[in-house]
Structure formats: C-alpha cells, structure tokens
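Subject: Structure handover and notes

Dear colleague,

I am passing on the structure we spoke about, and below it I have set out what was found in it. Please read the notes with the structure open beside them.

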Amino acid sequence: MAEAEKKKLFDTEQDHSPLFVNEVQRYMQQRCMQQQQQQRYVEQAAREEGDKRNAGSALDGGRAERDALEARCWTHDKVLQSPYLSDIWTMLDRMRPAYDKHGWDWSEKEDELFAEGMHFILLLQQQQLIGFTIFLLDEEDEQWVVYCYELHVAEGHKGKGLGKFLVECLEHVARHIGMVGIALTCFKDNDALRFYERTGFSIADHSPSKHNDPDAPYEILMKRI
Ligand SMILES: CC(C)(COP(=O)(O)OP(=O)(O)OC[C@H]1O[C@@H](n2cnc3c(N)ncnc32)[C@H](O)[C@@H]1OP(=O)(O)O)[C@@H](O)C(=O)NCCC(=O)NCCS
C-alpha cells in the first residue's frame, strides 16, 4: 500500500478491524494448533521410547484437549463485555508501581486502553486468560506501525514462549496490512526491556535516549518487519 493511500486510510475515523481481525484470528488459531501438534509429537516420541513417566503424565485423560491454547483478536468494545476484563486489570495492575515511581498517571490508563481503535489479542487456556497484548494502528515518527500499548503473560505461564508468540501475532498484523513494523514504549528499569531485545526489538532512532533526553525513564522500541 502506498504511503499516501495509507495516510488517507488511517487518518479517517473508520473502524479498521475488518482489515485484519479475521485474518489474525485464523493465523493465531493455526499457530496454536501447530504448537499443540508439536507437543503431541514430543509426547508420542516419549511414549515410544518407553519414558512412562513423561508419556503417562502427558497423555492421560486427554490432557492435550484440556490444555488447548486458544487465541482471540477482539476490538475494545468486545473485551469490555467479556469475562476476561477483570483478569486483564489484575495483570495490568502489575505496572501501577512503575507508573507511580515515574510520576505517570495510572488513572488515565483505562480511558487510553479502551479507546476507539484499540485491539486486543487474548491467549486462553481452559477458558482462563494467560496472556494478552493491546495495540493500535498509528503513525510513529512518520511511519505507519502497529503500536503495542501493553503485552502481558500471567504469572505461572511466563518463560514458555507465550510473550514471543504475542509478538509474532503483532508482526502478523503488521505484515498483513503493510505496516513498517511494531513500536512500543518501555520503562528503562523494566525487565521486559531484555525480553523485547530477545524478540528482535531495538531502540528507535527517535527514542529520547538517542535524541535529546537521555534522562527520560523510558525508551521507544521498534521492530521492523
Ligand atoms: C515480559 C513478558 C511479557 C515476557 O513473557 P514470557 O512469555 O515470559 O517470555 P518468553 O518466554 O516468550 O521469552 C522470549 C525470550 O525472551 C527472554 N526473556 C523473557 N523475559 C525476560 C526477562 N525478564 N529478562 C531477560 N530475558 C527475558 C526469554 O529468555 C526468551 O529468550 P529466548 O528466545 O532466547 O529463549 C512477561 O515477563 C510479563 O508479562 N512481564 C510483566 C508485564 C510487562 O512488563 N510487560 C511489558 C510492558 S511494556
């Protein structure tokens, strides 16, 4: 899509969901199934090798069915009416101390995250929310990007590749609609900075540390696709 066309398209107030929601939903579900198939393959191999301990725990009682990973790509209004809202707030609340520490207003968060144009990708297991990301299509430093506002994995589910999977889903959105990449803001003292580096982000040229404000408490990160 040409830059001029893109500008015209995204400058309007229209709902952009039809451009990607169904496609992202399809992609995520397919990837969830691939992950499960891989898991089953490992379980099968363990069973064939006679590793009864692994195979037994993995295969008994249809565990694969119960542990099925599901994904949803929803607009903000659908999330507001969903049963996952309180879990989203519980996970988001982990960020409150950082906002307080840096003098950022946490109370504005609700309006910001549930505003028109915000989209949510939710990861579910046994109908429980185990991770999510919130994003918007935006112009950043004169480039059209998927702007990631939040990305969270539930305690007890960290370190299993779910955060990386959420980044991959954002990349799919960006690629599908011709954005240059993903942008986000991260506090410098948040451990997640290392996670973003590991998943291919780097400090953007217009981030305060590279610009004129090295003491700013945050960095703007970019992942080009
Ligand atoms: C940051 C967060 C999303 C990572 O999710 P996760 O599912 O645990 O991460 P993954 O398992 O997908 O890890 C992907 C890679 O990042 C690395 N990584 C993850 N967290 C890391 C950390 N805190 N420090 C260093 N590396 C980290 C992993 O080792 C892995 O590396 P590898 O691919 O080389 O093996 C999760 O810890 C979280 O929800 N944190 C609290 C919320 C938060 O701060 N979000 C960011 C807001 S801007």
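I will begin at one bridge in the sheet, where Ser 202 has Met 222 of strand 7 as its bridge partner. Please keep in mind throughout that this is a predicted model, and that the values below are computed from it.

The pairing of strand 6 with strand 7 is antiparallel and runs over two bridges, while strand 5 and strand 7, also antiparallel, are paired over seven bridges. Met 222 appears again in that second pairing, since Ala 183 stands opposite Met 222 in strand 7. Of the seven residues of strand 7, six are buried, so this strand is largely enclosed by the rest of the structure.

These strands belong to an open sheet of seven strands, which has mixed pairing and follows the order 1-2-3-4-5-7-6. Its edges are strand 1 and strand 6 (202–203), and because each of them has a single partner strand, one side of each is left without a neighbour in the sheet. Elsewhere in the sheet, strand 3 and strand 4 are paired in the antiparallel sense over ten bridges, and within strand 4 the bridge partner of Phe 135 is Cys 148.

As for the protein chain as a whole, it holds ten helices alongside its seven strands, and buried residues make up 25% of its 225 residues. Among contacts with a separation of 6 or more, 62% join residues that are 24 or more positions apart.

The largest nonpolar core has 46 residues, and the members that touch the most other members are Val 146, Leu 170, Ala 183 and Leu 221. Several elements give two or more residues to this core, including helix 2 (21–48), strand 1 (69–75), strand 2 (119–125), strand 3 (128–140), strand 5 (181–187) and strand 7 (218–224). Helix 9 provides the largest share of the core, namely eight residues.

Helix 9 lies across strand 2, strand 3, strand 4 and strand 5, and it runs at about 160° to strand 4. For a closer view of the core, you could look at Leu 170, which touches Thr 133, Phe 135, Val 146, Cys 148 and Ile 182 when residues up to four places away in sequence are not counted. Phe 135 and Cys 148, both on that list, are also the bridge partners mentioned above.

His 176 is found in helix 9 as well, and it counts as partly exposed because it has 14 C-beta neighbours inside 10 Å. Leaving aside neighbours within four places in sequence, His 176 is in contact with Phe 20 and Glu 23. Although His 176 and Glu 23 are 153 residues apart along the chain, their C-alpha atoms are separated by 8.2 Å.

Turning to the ligand, 20 residues surround it, and the closest are Lys 158, Gly 163, Lys 164, Arg 194 and Arg 198. The shell around the ligand is made up, by class, of six nonpolar, six polar and eight charged residues. At least two residues of this shell are supplied by each of strand 4 (143–153), helix 9 (162–176) and helix 10 (192–198), so named here for your orientation.Two loop residues also deserve a look in the backbone. Most residues other than glycine have a negative phi. Gln 127, which is not a glycine, has a positive phi of about 65°, and it is found in the loop between strand 2 and strand 3. With 8 C-beta neighbours inside 10 Å, Gln 127 counts as exposed, and its C-alpha atom is separated by 8.5 Å from that of Glu 70, 57 residues apart along the chain. Asp 141, likewise not a glycine, has a positive phi of about 50° and is placed in the loop between strand 3 and strand 4, where it counts as partly exposed with 13 C-beta neighbours inside 10 Å.

With best wishes

Technical notes
Residues are numbered from 1 along each chain as its sequence is written. This is a predicted model: local features need pLDDT of at least 70, side-chain atom pairs count only at pLDDT 80 or more; totals for chains, interfaces and linings use all residues. Helices (H or I, at least four residues) and strands (E, at least two) are DSSP runs, numbered from the N terminus. A residue is buried if 20 or more other C-beta atoms lie within 10 Å of its own, exposed if 12 or fewer, and partly exposed in between; C-beta atoms are placed from the backbone. Two residues are in contact if their C-beta atoms, placed from the backbone, lie within 7 Å. A residue is near a molecule or strand if its C-beta atom, placed from the backbone, lies within 6 Å of it. Ala, Val, Leu, Ile, Met, Phe, Trp, Tyr, Cys and Pro count as nonpolar, Asp, Glu, Lys and Arg as charged, and the others, Gly among them, as polar. A nonpolar core is a set of buried Ala, Val, Leu, Ile, Met, Phe, Trp, Tyr and Cys residues joined through C-beta atoms within 7 Å. Two strands pair if DSSP finds at least two bridges between them. Axes are lines fitted to C-alpha atoms, for helices over the stretch in contact, and angles run from 0 to 180 degrees between N-to-C directions.
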